[in-house]
Amino acid sequence: MRFKNRVAVITGVASGIGRETAIAFAHKGAHVAISDIDREGLDETARLLEGTGVTVLPVVTDVSSSKEVQKLISSVMEKFGRLDFACNNAGIGGASATTAEYSEEEWDKVININLRGQWLCMKYQIPAMLEKSGGSIVNVASILGTVGFASAPAYVAAKHGLVGLSKTAALEYSAQGIRVNALAPGFIETPMLDKAGITTDPDVKKMITDRHPIGRLGTSREVADAIVWLSSDEASFITGHTLLVDGGYTAW
């Protein structure tokens, strides 16, 4: 219960990494504000948090909307009066197409959610944290924020941008008590991979799995545990860092 009486906000909680992260924070004693654009998935996550003994605040949020993100953080401050942790996880995979064939509409959609949305979250989270004694922000990037991947130009660009954005915010606010880090998962078995056909096609899954020296894909819980650790006092001297949780994918 090392996070008892502290408050975390987690975006993109309808499934996968976001849901497991919300559960992990709650099990450590933190009150949790959870958000997603998917109301049904959001409500299911809230239901799973029942019985943890912490207060849960679900807020439907489109992170690409400044008005909605501002409402989310205002709701957190009105409810709890503080914000200690933020995990900015909301994101989409986007279309699969080569750079020259990628549509402008799909490009804008991916960038608006995966990069602009993360920036908007920090834009409102940081002032809230500064009202108290600081806090910790973890932006969920990807191994594709460190390497390229054919047919995913918008996603790769957004995640590379998020890594740089996290480093910049760390430089700006670490002396004021706010640590900002990025976390870069490898391929994790989530509904997003199902939707992309990676885990549903045996040949594709084997090809992707073989790129992880550990010999398997990751789990959402493994990523959530890393996020909680990176947010905790055990990681108090870590800021501006991108933590790879990738089963060795980038070690080749």
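Let me begin with a term: a residue counts as buried when its relative accessible area is under 20%. By that cut-off Cys 121, with a relative accessible area of 2%, is buried in this model, which, I should say at once, is a predicted one. Cys 87 likewise counts as buried, because its relative accessibility is 1%.

What, then, of disulfides? The structure holds 0 of them; Cys 87 is in no disulfide, and the nearest cysteine sulfur to it, that of Cys 121, is 10.0 Å away.

Cys 87 brings us to strand S4, residues 85-88, from which Phe 85 and Cys 87 point one way while Ala 86 and Asn 88 point the other way, with all of these residues buried. Strand S4 runs parallel to strand S1, residues 7-11, to which it is joined by 3 bridges, and here Ala 86 is the bridge partner of Val 9. S4 also runs parallel to S5, with 4 bridges joining the two, and in that pairing Ala 86 stands opposite Ile 137. Between S4 and S5 the chain passes through H4, in a β-α-β crossover that is right-handed.

Let me turn lastly to helix H5, residues 153-173, whose 21 residues should span 30 Å at 1.5 Å a residue, and whose end C-alpha atoms are indeed 30 Å apart, so the two values agree. Its buried residues include Pro 153, Tyr 155, Leu 162, Ser 166 and Ala 170. And what covers the buried residues of H5? The cover includes helix H4 and strand S5, which we have just met, together with strand S6, residues 178-185, and strand S7, residues 242-245.

Note on methods: Residues numbered from 1 in each chain as written. Predicted model: local features only at pLDDT ≥ 70, side-chain atom pairs only at ≥ 80, totals over all residues. Heavy atoms only, no water. Expected span 1.5 Å × (residues − 1). Buried < 20%, exposed > 50% of the residue type's maximum accessible area, 1.4 Å probe, protein only. Contact = heavy atoms within 4.5 Å. Disulfide = S-S within 2.5 Å. Pairing = 2+ DSSP bridges. Right-handed = clockwise from strand over helix to strand, strands pointing away.
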